Amino acid sequence: MITFDHVTFTYPQLNSSDAQEPVLKDISLEIAAGELALLVGATGSGKTTFLRSINGLVPHFSGGYLNGRVSINGRNTQDFAPRELADLVGFVPQDPLTGFVTDLVEDELAYSMESLGIDPQTMRRRVEETLDLLGLADLRNRPLRSLSGGQQQRVAIGSVLTAHPEVLVLDEPTSALDPGAAEEVLAALHRLVHDLGVTVVMAEHRLERVVQYADSILMMEHGRIDNGTPSSIMENSPIAPPVIHLGRLAGWNPLPVSIRDARRSAGPLRSSLAGQRPHLRVVPDSTPLIARVRDLDVGYGQRTVLRDISIDANAGEIIALMGRNGSGKSTLLRALIGLHNPSVGTVRINEINPAKMPARELIHHVGLVPQEPSDLFEAQSVALECRNSDSDAGCEAGSTRALLALMAPEIIDSTHPRDLSEGQQLILALCIVVAAKPPLLLLDEPTRGLDYPTKGKLADILRGLGETGHCVVMATHDVELVADLATRVIMLGDSEIVADGSTGTVITGSPMFAPQVAKILAPQQWLTVHQVERALNNRGRAETP
Amino acid sequence: MSIFQRTRWLHPVAWWIWALSLAAAATRVTNPLLLGLLITAAAIVVARRKPDAPWGKSFEFFLVLGLFIIVIRVVFQVVFGAATGSQLLISLPGISLPSWMSGLRIGGPIMLESLLGAFYDGLRLATIAIVIGAANSLASPSRLLKAIPSALYELGVSVVVALSFIPQLISDAVRIRDMRRLRGRRNTGLRAYATLAIPVLAGALDRSINLAASMDSRGYGRVNNQSSRSRRLVVGLLLSSIVLITVGLFGLFTSDAHPLIGLPSLSIGVGIAVFAMWHSGHNRTRTVYRPDAWTLPEFLVSAAGVLTLGIYLWADIRAETDLSFWSQLHPALNQWPSLPLWGLVAFAISLTPAFTSPPPPSTLGSINDSQKVGAGT
C-alpha cells in the first residue's frame with residue numbers, strides 16, 4: 001500500500017553558509033494494506049517529517065528536496081499534491097484543534113467530502129456511519145471547542161475517515177489524553193484496522209499504550225528506519241515500554257509486548273518475588289509544611305471547577321495530580337500560584353497568600369512550569385534568556401546558565417529558545433523557574449511529547465529537587481512517570497478530590513491508572529521495573545553467601 | 001409540529017438580509033426613539049433565537065461595543081467639538097489655539113444641544129454595530145460560508161479563518177500575560193501588554209500554518225475540471241460586481257449622490273453577480289453537506305428586514321418635501337423627540353423573526369456522555 005524507495009529528504013536551507021543535514025536518509029520500506037505500523041523514535045528523529053511525506057505535505061507544503069520515490073497505492077507523491085491524495089490518505093495532525101475548519105462536529109465530519117465533491121446523499125449516509133463507528137452520535141451538534149481532548153481526537157479521526165481513505169496517518173494521537181480517553185481513541189483505531197482493513201501509520205511516544213496493537217514497528221533513528229515485528233524490534237530498542245524492560249530483566253523468550261502475554265510468562269517471577277516488598281523512597285514525617293490549601297472552591301463564571309479541596313504539602317514530597325482531562329488539575333496549579341483568586345477557602349504558601357503577593361517576591365516562594373514551556377520565553381537566545389532569568393530572580397549572574405549546563409549540557413548559547421526541541425524547552429523553563437529557588441515547584445503536564453530518555457532525565461532532576469527539600473506538584477496523565485517518581489498521588493474527579501494517598505495504594509487501586517508492572521505482577525504491589533530489579537538483586541545477594 | 005416550531009438552523013443569508021436591512025434603516029435616522037426600537041427588535045430576536053453555541057454569546061460583546069462607541073463619540077464632542085446651541089451645560093477650561101487652527105477647539109463651553117447631537121450620532125453608529133452583532137450571533141460566519149458560491153469560496157474561507165483567529169488571539173494574549181507573572185514581572189499595565197506581541201504572533205502563525213496543512217491534506221482547493229481561464233473570468237466578474245454593488249449602495253444611502261450612481265450601478269452589479277454564479281455553478285466539483293433550505297421562514301425573516309427598510313426609506317423620501325417627516329427622522333435638539341406611528345409599525349414588522357424563524361437546535365447535547373470516570377476509587 002505504502003512504498004518508500006530510497007527516500008532522502010532535506011529541508012530548505014535557511015542560510016547559505018551551513019549545509020542542511022537530511023532529515024530522512026535513504027529510507028526503503030513497504031507497509032502492506034491493512035497493517036497497523038507504529039513509528040517509534042526519539043524527539044527530533046524525523047517522525048513527523050516521515051508521516052507528512054506519506055500524504056505529500058513533505059515536500060509540497062514544507063518545501064525542501066526529496067530524492068527517491070514515495071508511492072501510495074501506485075500514486076507517486078511527486079505527481080500528486082496533498083489535496084489530490086485526500087481521497088486516499090487521511091492525515092490527523094498532532095493537535096486536532098488546530099486542524100479543525102468548521103464549528104460543529106457534523107460539519108467537520110463532512111468537510112473532506114465536500115472538498116472531494118461527493119454527492120449529498122452519500123455524504124449524509126457516511127456521516128451517520130462515522131458518527132456510529134466512533135461513538136460520536138450524541139455529540140453531532142456540539143461545537144468542536146466544547147469537546148474534551150479524547151472527543152476532539154475522535155472527531156479528527158472521523159473527519160478524515162468519511163472520505164474513505166485507505167491509509168490513515170496519525171501523529172501522536174494519545175499524547176495529550178488521559179488514560180481513559182486514550183483507550184477510547186485506540187479502541188476506535190483497533191476497530192478500523194480489524195473491521196475495515198484500513199492501513200494505519202501512527203507515531204507515538206507512549207509505547208505502553210499502543211505497542212500491543214501494532215503489527216509492525218518502524219524504528220526511527222537519526223533519519224534512518226529499521227522495520228520489523230514488535231518483539232524483534234523491541235528486543236534491542238533503547239526506547240521501550242516497561243513491559244519490555246521487565247521481559248528483558250526476567251529473560252522471557254519470546255519477548256512479550258502485551259500485558260496479557262507478559263502475565264502468562266510472569267508466574268516464576270511472581271513466585272521469586274514473593275515475600276518481598278518494593279523499596280520505596282520515604283518522605284520523613286516531620287518535614288516543614290510548604291503549601292496549605294483549605295476548603296478551596298474555584299469557579300469560572302457559573303461553572304465550578306474545584307470544590308472543597310484541602311491539601312497539605314510538605315517539603316520533600318513529589319505529588320502527582322491525576323484525573324481525566326478537564327477535571328481541574330491545571331486550575332488547582334493556577335490557584336496554588338495565585339493566578340486564580342479562590343471564591344471560597346484559602347491557599348497559603350509558607351503562610352502567605354500567593355494571589356496577594358507581588359510577582360517579584362512570589363517567584364521565590366512558588367514556581368510553575370506551564371504546559372507550553374515556550375510561553376515563558378521572551379528573549380532571542382538561550383544565553384539572553386538565562387541572563388534575564390538571573391536578573392528576575394535576583395540571583396548572581398550566570399547561575400541559571402550553570403543550572404542549565406548541569407541539566408542539559410548539549411544546549412548551545414546562541415540557539416533561539418523556540419528552536420529547541422520540546423524536551424530542551426521544558427528543561428530551560430525548569431531552570432528559569434528553579435533559579436529563583438522556590439520551595440514549591442509546580443509542573444503542568446511535563447512529559448507531553450517527551451521520549452523515554454528525556455523523561456528519565458526529567459525524573460532524575462525532579463527526584464533530586466525533592467531530595468533537596470523542594471516540594472514538587474505535577475499534573476500529569478503519565479502513569480509510568482507517576483509510578484517511577486511520585487511519593488503521593490492526588491486523584492481529581494468531577495472537581496473534587498477522589499483519592500489522596502501514597503502512590504502505591506492510589507494507582508494500583510484502579511485498573512485505568514495502574515502502571516504496566518503492577519498489572520503484570522498483581523496482586524503483588526510492584527510499580528516499576530527498577531523496584532523489581534532491586535528486589536531481585538537483594539535476593540541474589542542474600543542467596544550467594 | 002409546524003415548520004415554525006421544528007428546530008433547525010435558519011438559512012444564514014436570511015438572517016444577514018434581515019440584519020443588514022435594519023442596519024441600513026438605522027443610517028437614515030437620528031431619532032433616538034426609532035434607533036432604540038431597532039435595537040430592541042434586534043435584542044428580542046436574539047434573545048429568542050440565539051443558539052447556545054459559542055458564537056451565540058457574541059451579541060453581548062456587540063452591546064458593549066455599542067456603548068463604547070456612544071461614549072467615545074460624546075467624549076470627542078466634549079473635548080474637540082464646536083459649541084452650537086443655546087443651552088449652556090457647563091464651561092470647561094479651554095485652550096485657545098493659534099488662528100490657523102481655527103477649525104479645532106479644545107475644551108470650552110459645553111452646550112446641551114451639541115452634546116445631544118453627539119449622543120444621537122453615536123447611538124446611530126451603535127445601532128448599526130449592534131444589529132450586525134445580532135446577525136453574527138444568530139448565524140455563525142462559517143455557516144454563511146456554506147452559502148457562498150463556489151467561485152468565491154476560497155476568498156470566503158480566508159475571511160472566515162481570519163475572523164476565527166481573533167478570539168484565539170485574545171485567549172493567547174491572556175495566557176501569555178499570566179505567564180509573565182511566573183517570571184516575576186507585573187502582569188498589569190501597558191508594559192506587560194507590550195511584550196506580548198511576539199509570542200502571540202508566533203503562536204498565531206504556527207496555528208495558521210497547521211490549519212493550512214490540515215486543509216490541504218483534506219482536499220481543500222482540489223483542481224476541478226474547470227479551466228483556470230474560466231475560473232479567473234468568474235472571480236473577475238464577481239469582484240467587479242461587488243465593486244458595483246458597493247458603489248450602488250453607497251449612492252443609494254447617501255442623500256447627495258448623483259442619481260446615476262445609485263440604483264443603476266446596483267442593478268448592473270447584481271446582474272453580473274448572478275451571471276458569474278450561474279457560470280461557476282455550471283461545472284463545479286465542490287458539494288455542500290446538508291445545505292440550508294430556503295423555505296417560508298427564510299422568506300418571512302428576510303421580508304421582515306426588507307419591509308422595515310422600505311418603511312424607513314419611504315419616510316426618508318417623504319421627508320424631502322414634508323417637514324413633519326423630517327422632524328420625525330431627525331428631531332430638533334431642543335425638544336423631546338416624537339415617536340411616529342409608522343415607526344411603531346416598522347418595529348412590529350422588524351420583530352416578527354422572533355416568531356417566524358424556527359428555534360435553533362441545541363448544541364450542548366448531554367454533557368456527561370462518554371466522559372467516563374477514570375478514577376475508580
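**Exercise 1. Work out why A:Lys329 counts as buried or exposed, and describe its surroundings.**

Step 1. Count neighbours: 27 other C-beta atoms lie within 10 Å of A:Lys329, so this residue is buried. The cut-offs are 20 or more other C-beta atoms within 10 Å for buried, 12 or fewer for exposed, and partly exposed in between, with C-beta atoms placed from the backbone.

Step 2. Place the residue: A:Lys329 belongs to helix H13 (residues 329–336) of chain A. Helices (H or I, at least four residues) and strands (E, at least two) are DSSP runs numbered from the N terminus.

Step 3. List the contacts: leaving aside residues up to four places away in sequence, A:Lys329 touches A:Leu321, A:Gly323, A:Ala475 and A:Leu492. Contact here means C-beta atoms, placed from the backbone, within 7 Å.

Step 4. Look along the chain: A:Ala475 is 146 residues away from A:Lys329 in chain A, yet their C-alpha atoms are 6.0 Å apart.

A word on the model before you go on. It is predicted, so local features need pLDDT of at least 70 and side-chain atom pairs count only at pLDDT 80 or more, while totals for chains, interfaces and linings use all residues. Residues are numbered from 1 along each chain as its sequence is written, and chains are lettered from A and ligands numbered from 1 in the order in which they are written.

**Exercise 2. Describe the sheet that H13(A) lies across.**

Step 1. Find the strands: H13(A) lies across E11, E12 and E14 of chain A, and runs at about 60° to E12(A). Axes are lines fitted to C-alpha atoms, for helices over the stretch in contact, and angles run from 0 to 180 degrees between N-to-C directions.

Step 2. Set the order: the sheet is open, with 3 strands in the order E12-E11-E14 (chain A) and antiparallel pairing. Two strands pair if DSSP finds at least two bridges between them.

Step 3. Mark the edges: strand E12 (303–314) and strand E14 (344–349) of chain A each pair on one side only. From one strand to the next, the twist averages 20°.

Step 4. Check one pairing: strand E11 (residues 289–300) of chain A and E14(A) run antiparallel and are joined by 5 bridges. A:Asp297 has A:Val344 of E14(A) as its bridge partner.

**Exercise 3. Find how domain 1 and domain 3 of chain A meet.**

Step 1. Draw the bounds: the assignment gives domain 1 (2–238), domain 2 (241–274 + 517–545) and domain 3 (289–516). Such bounds come from an automatic or database domain assignment.

Step 2. Count the contact: 16 residues of domain 1 of chain A touch 18 residues of domain 3 of chain A. On the domain 1 side, helix H6 (149–161) and helix H7 (179–196) of chain A are the elements that give two or more residues, and H7(A) gives the most, with 3 residues.

Step 3. Sort that side by class: it has 5 nonpolar, 8 polar and 3 charged residues. Ala, Val, Leu, Ile, Met, Phe, Trp, Tyr, Cys and Pro count as nonpolar, Asp, Glu, Lys and Arg as charged, and the others, Gly among them, as polar.

Step 4. Add the spacing: the centres of domain 1 and domain 3 of chain A, taken over C-alpha atoms, are 32 Å apart.

**Exercise 4. Decide whether H1(B) and H4(B) run roughly parallel or antiparallel.**

Step 1. Read the geometry: helix H1 (residues 12–26) and helix H4 (residues 112–138) of chain B pack at about 175°, with axes 9 Å apart.

Step 2. Classify: H1(B) and H4(B) are therefore roughly antiparallel. Angles under 35 degrees count as roughly parallel, over 145 as roughly antiparallel, 65 to 115 as roughly perpendicular and the rest as oblique.

Step 3. Inspect the contact: H1(B) residues taking part include B:Trp15, B:Trp16 and B:Leu22, and those of H4(B) include B:Arg124, B:Thr127 and B:Ile128. By class, the contact has 12 nonpolar, 1 polar and 1 charged residue.

**Exercise 5. Describe how chain A meets chain B.**

Step 1. Count both sides: 70 residues of chain A are in contact with 51 residues of chain B.

Step 2. Find the main contributor: helix H4 (residues 105–116) of chain A gives the largest share of the chain A side, 8 residues.

Step 3. Sort the chain A side: 35 residues are nonpolar, 17 polar and 18 charged.

Terms used
Two residues are in contact if their C-beta atoms, placed from the backbone, lie within 7 Å.
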